[in-house]
Amino acid sequence: MEILVIIYLFLFLGVGIFLLYKILKWVVTKKVRVLGALSILLIAIISIAIYQLFIVKMEFIQSEIYSDLYLVKKPTENKNALNKSIKNFVNQKLAETKNIDTNYSLRFYEYTKNWNLLVFGDYGTAYFIENEEDLGGFSVEDLNMYQKEKLAILQIYSYKKDSTQHYGILEYYEKGYPVKTDTLTLQKK
């Protein structure tokens with residue numbers, strides 16, 4: 001069955017390349033068509049750039065399966081700004097949570113979704129919004145496969161002298177490696 005899918009994909013790709021060739025050949029026969037095509041291409045590039053820069057905002061998406069897992073969609077390229085946004089989000093969550101103990105944690109990963117046509121390829125971190133980790137079968141989806149997408153982890157600890165008082169360690173990651181740590185003092189409720 002998979003072979004038929006792959007054959008159909010190659011046929012579809014071949015027909016697409018052939019049609020693209022015919023359209024390009026038709027466009028380049030007249031100067032007016034070339035100018036029109038370039039104008040449309042330029043307008044599309046400018047529109048996409050404006051949309052990405054000014055309209056699309058970073059958002060935190062909570063997993064429906066794992067309550068401590070958040071995927072950051074459209075994270076900013078500035079790591080300091082990203083870390084500050086994560087810290088603000090964590091502080092907001094901690095303020096909303098009534099019972100904070102040493103079992104409380106939060107994990108942050110970059111939202112990724114694989115759009116390629118691989119039948120047995122990785123799906124991306126978006127898989128974990130609606131699905132549990134799948135460790136068997138033809139394709140394996142384990143959150144540990146996405147270490148380069150890990151952004152931050154919050155873990156709560158008790159003070160040694162006062163076990164009723166807690167503090168949080170927020171560890172930031174870049175390309176799978178810890179790069180910075182923040183300590184958050186928690187208010188007693």
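# Close-up views of the six-stranded sheet and its surroundings

**Figure 1. Lysine 74 is placed in the loop that lies between strand E2 and helix H3.** The model shown here and in the other views is a predicted one. Lysine 74 has a phi near 60°, a positive value in a residue other than glycine. Most residues other than glycine have a negative phi. The side of lysine 74 that meets solvent is described by a relative accessible area of 41%, so this residue counts as partly exposed.

**Figure 2. Six strands form an open sheet in the order E1-E2-E3-E4-E5-E6.** The pairing within this sheet is mixed. Strand E1 (59-62) and strand E6 occupy the edges, and each has a single partner strand; one side of each is therefore left without a neighbour in the sheet. From one strand to the next, the twist averages 20°. Strands of a sheet pair through backbone hydrogen bonds, in either the parallel or the antiparallel sense.

**Figure 3. Strand E2 pairs with E1 in the antiparallel sense and with E3 in the parallel sense.** Four bridges connect E1 and E2, with glutamate 59 standing opposite lysine 73 of E2. These two strands form a hairpin that has six residues between them. Four bridges also join E2 to E3, and here leucine 71 has tyrosine 109 of E3 as its bridge partner. How much of E2 is buried? Four of its five residues are buried, so E2 is largely enclosed by the rest of the structure.

**Figure 4. Strands E3, E4 and E5 are joined by antiparallel pairing, E3 with E4 and E4 with E5.** Five bridges link E3 and E4; phenylalanine 108 stands opposite alanine 152 of E4. Strand E4 (residues 150-158) also pairs with strand E5 (residues 166-174), over seven bridges. In this second pairing, isoleucine 153 faces glutamate 171 of E5 as its opposite residue.

**Figure 5. Strands E5 and E6 form a hairpin with two residues between them.** The two strands pair in the antiparallel sense over eight bridges, E6 spanning residues 177-185. Tyrosine 173 has proline 178 of E6 as its bridge partner. Lysine 175 lies in the loop between E5 and E6. Its phi is positive, about 55°, although lysine 175 is not a glycine. With a relative accessible area of 66%, lysine 175 is exposed.

**Figure 6. The largest nonpolar core holds 19 residues.** Ile86, Val90, Leu94, Phe108 and Leu154 touch the most other members of this core. Two or more residues each are given to the core by strand E2 (69-73), helix H3 (79-96), strand E3 (105-110), E4 and E5. Helix H3 supplies the largest share, five residues. A second, separate core contains nine residues, among them Ile61, Leu71, Tyr109 and Ile129. In soluble globular proteins, nonpolar side chains tend to be buried together.

**Figure 7. Aspartate 68 and arginine 107 form one of three salt bridges.** The closest N and O atoms of the pair are 3.0 Å apart. Aspartate 68 lies in the loop between E1 and E2, whereas arginine 107 is in strand E3, so the salt bridge ties together parts that are 39 residues apart in sequence. Aspartate 68 counts as buried, at 18% relative accessibility.

**Figure 8. Two salt bridges involve helix H3, one with strand E6 and one within the helix.** The side chains of aspartate 182 and lysine 87 meet at 3.7 Å, N to O. Aspartate 182 lies in E6 and lysine 87 in H3, so this pair ties together parts that are 95 residues apart in sequence. Is each partner buried, partly exposed or exposed? Aspartate 182 is buried, with a relative accessible area of 13%, while lysine 87 is partly exposed at 28% relative accessibility. The side chains of lysine 93 and glutamate 96 meet at 3.6 Å, N to O. These two residues are three apart in H3, and are therefore separated by about one helical turn. Glutamate 96 is partly exposed, with a relative accessible area of 48%.

**Figure 9. A nonpolar patch on the surface includes methionine 1.** The patch is formed by Met1, Ile3, Leu4, Val5, Ile7, Tyr8, Leu9 and Leu11, which together have about 850 Å² of accessible area. Methionine 1 belongs to the segment before helix H1 (2-27). At 75% relative accessibility, methionine 1 counts as exposed.

How values were computed. Residues numbered from 1 in each chain as written. Predicted model: local features only at pLDDT ≥ 70, side-chain atom pairs only at ≥ 80, totals over all residues. Heavy atoms only, no water. Pairing = 2+ DSSP bridges. Core = buried A, V, L, I, M, F, W, Y, C linked by side-chain atoms within 4.5 Å. Buried < 20%, exposed > 50% of the residue type's maximum accessible area, 1.4 Å probe, protein only. Axes fitted to C-alpha atoms, helices over the stretch in contact; angles between N-to-C directions. Patch = residues over 30% accessible without salt bridge, like charges linked within 9 Å, V, L, I, M, F, W, Y side chains within 5 Å. Areas by Shrake-Rupley, 256 points an atom, 1.4 Å probe, with all protein chains shown as cover. Salt bridge = Lys/Arg side-chain N within 4 Å of Asp/Glu carboxyl O.
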